[in-house]
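I opened a fresh notebook page for this structure. Here is what I looked up, in the order I went through it.

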Amino acid sequence: MTLPRIAVLLDFGAATPLSVLAAARGLATVIFLCDHESSYVRGVAAEVGALATACDITGLSDDEILALADCAELDGIITFSERQIMRTARLAARRGLAFHDPDTARAVTDKLVQRRRLAEAGVQNTRCRLVREPAGLGAALDEVGLPAILKPRCGAGSARTCRVDTRGEAVARLREFGDGEFIVEQVLAGEPTIAGADWADYVSVESVTSHGRIEHIEITGKFPLAEPLRETGYVVPSTLGEAAREAVRDVTTRALRALGVTHGATHTEVKLGADEPTIIEVNGRVGGYVADLIRTARGFDLIRAALLAALGRGGGAPEGGYRRHAFQLFLTPPMAAVSLRGLDGTEELLARRGIHAVEVFKRPGDRIDWRDGTLAYVGIVHGAGADHHDVRRLAELSLRTLNITYELAKSP
């Protein structure tokens, strides 16, 4: 039997080439489209070329990409990278393939457009204004109010994102973040008792949509944020009760429909408010790190479900309950850290029951900058517990066992 052919626009994102190939086994033949202007692609190109068909699309127009021999007969197209969503949407539209259409792709990658669409559809009216330079901050903050959230208009991974409490702080942060378009938006009110005192007051919803049919695969719980607005870990299942879960799924469904999502995976961050949940943002791709959690907790392959949607087929929702409570603890440096000095204790931690792996991303001497968001993590501890209490115990054990030291910025 000839398998359908699916193109994957490769870049840094929620799935590695190996995880894509594993998920596609018996389902589709994968053709990786590789733009070598990406440092990530340059770093994995040799490995990808040894494992699958890899097409160099560096410098090519959309029409030139589709004219490549390996793209002649495609049955699907997808990306797991924020950076490639718009390009994937354009290519899909030209071939009539199942993906976000270009208009929807813009709405899930441009945070200003997204806020306007949600407001126009009556889903949520969050105050949000565009800022290009410090001189424009005053007027924007007059409309949005303080405190506010400052973040790139288009971006991912919490890079150059923070809360600002004063005008002076907002100006200073914007100057630190450098050139580009940013937005300031109102801080959404959270109610910490909904998820519980030991957990963050927001969750994410992992969904896959095919032909307009939305399947909410999972609600991912979060560890408390680190300053100024950085994620520190995830847990599946979340701690939410059924009424809260239903309210979160409902607002996510309304948001996806307002943005015109008819095909593809989405990762929607939702604030747990006292009166009702509110949308933080909708991302038009699989969320970073969540696929591994869902696989460990439920045995469900989110990457495969996304590939099925790209082929115009529903991925289905997980059946049955949870086999275990899976978690990922992000080793998040303090804001003052400028480099990693040392990391010890991984072997001792790995000997503990419930700890499955310790990924280390930084080596001693490597630069660290909190403004890089998730790319500033030192590593990730992967594990699973019997319940949420056990997960918290394992997270605390991890932080006690690992000895991580940093070079800190000198005080002015």
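**Entry 1: a strand with neighbours on both sides.** I began with a single pair: Glu359 stands opposite Ile380 in strand S17. One thing to keep in mind as you read along is that this is a predicted model. Glu359 made me look up strand S16 (residues 355-360), which runs antiparallel to S17 and is joined to S17 by five bridges. Then I looked for another partner and found S14, which pairs with S17 in the antiparallel sense over seven bridges. There, Phe327 has Gly383 of S17 as its bridge partner.

**Entry 2: how covered is S17?** I checked strand S17 (residues 379-385) for burial and found seven of its seven residues buried. Which residues lie on each side? On one face I noted Gly379, Val381, Gly383 and Gly385, and on the other Ile380, His382 and Ala384; both faces are covered.

**Entry 3: the largest nonpolar core.** Next I looked up the largest nonpolar core, which has 106 residues. Two names from my earlier entries came back: Phe327 and Val381 are among the members that touch the most others, and so are Phe32, Leu33, Ile78, Phe80 and Val286. Which helix gives the most to this core? I found helix H11 (residues 302-310), with eight residues. There is another core apart from this one, of 15 residues, including Ala140, Val164, Leu174 and Phe177. As a reminder to myself, nonpolar side chains tend to be buried together in soluble globular proteins.

**Entry 4: Phe80 up close.** I picked Phe80 and listed what it touches, leaving out residues up to four places away in sequence. Among its contacts are Val8, Leu9 and Val20, then Arg285 and Val286, and also Ile303, Ala306 and Leu307.

**Entry 5: a four-stranded sheet.** I then turned to an open sheet of four strands, in the order S3-S2-S1-S4, with parallel pairing. Which strands are at the edges? They are S3 (53-56) and S4 (76-79), each pairing on one side only. Neighbouring strands here are turned by 25° against each other on average, direction ignored. For strand S2 (residues 29-34) and S3, I counted four bridges in the parallel sense. Leu33, which I had met in the core, stands opposite Cys55 in S3.

**Entry 6: helices on that sheet.** Helix H1 (residues 17-24) lies across strand S1 (5-10) and S2, and runs at about 155° to S2. Helix H4 (residues 85-95) also packs on the sheet, touching S1 and S4, and its direction makes about 170° with that of S4.

**Entry 7: enclosed space.** How many cavities of 30 Å³ or more does the structure hold? I found three. The largest has a volume of about 70 Å³. Its lining has 13 residues, with Ile78, Thr79, Phe99, Gly264 and Ala265 nearest the centre. S4, strand S12 (264-271) and H11 each supply at least two lining residues, and H11 gives the most, with three.

**Entry 8: a pocket to finish.** I ended with the second largest pocket, which holds about 160 Å³ of space. It is lined by 13 residues, and Thr232, Leu329, Phe330, Ala395 and Leu399 lie nearest its centre. Strand S14 (325-331), known to me from Entry 1, supplies at least two of the lining residues, as do helix H13 (388-401) and strand S18 (403-408). H13 gives the most to this lining, with four residues.

Terms used. Residues numbered from 1 in each chain as written. Predicted model: local features only at pLDDT ≥ 70, side-chain atom pairs only at ≥ 80, totals over all residues. Heavy atoms only, no water. Core = buried A, V, L, I, M, F, W, Y, C linked by side-chain atoms within 4.5 Å. Buried < 20%, exposed > 50% of the residue type's maximum accessible area, 1.4 Å probe, protein only. Contact = heavy atoms within 4.5 Å. Pairing = 2+ DSSP bridges. Axes fitted to C-alpha atoms, helices over the stretch in contact; angles between N-to-C directions. 1 Å grid on protein atoms, 1.4 Å probe; cavity = no way out; pocket = protein on both sides within 12 Å on 5 of 7 lines; lining within 4 Å. Points joined across faces, edges and corners; volume = space filled by probe spheres on them.
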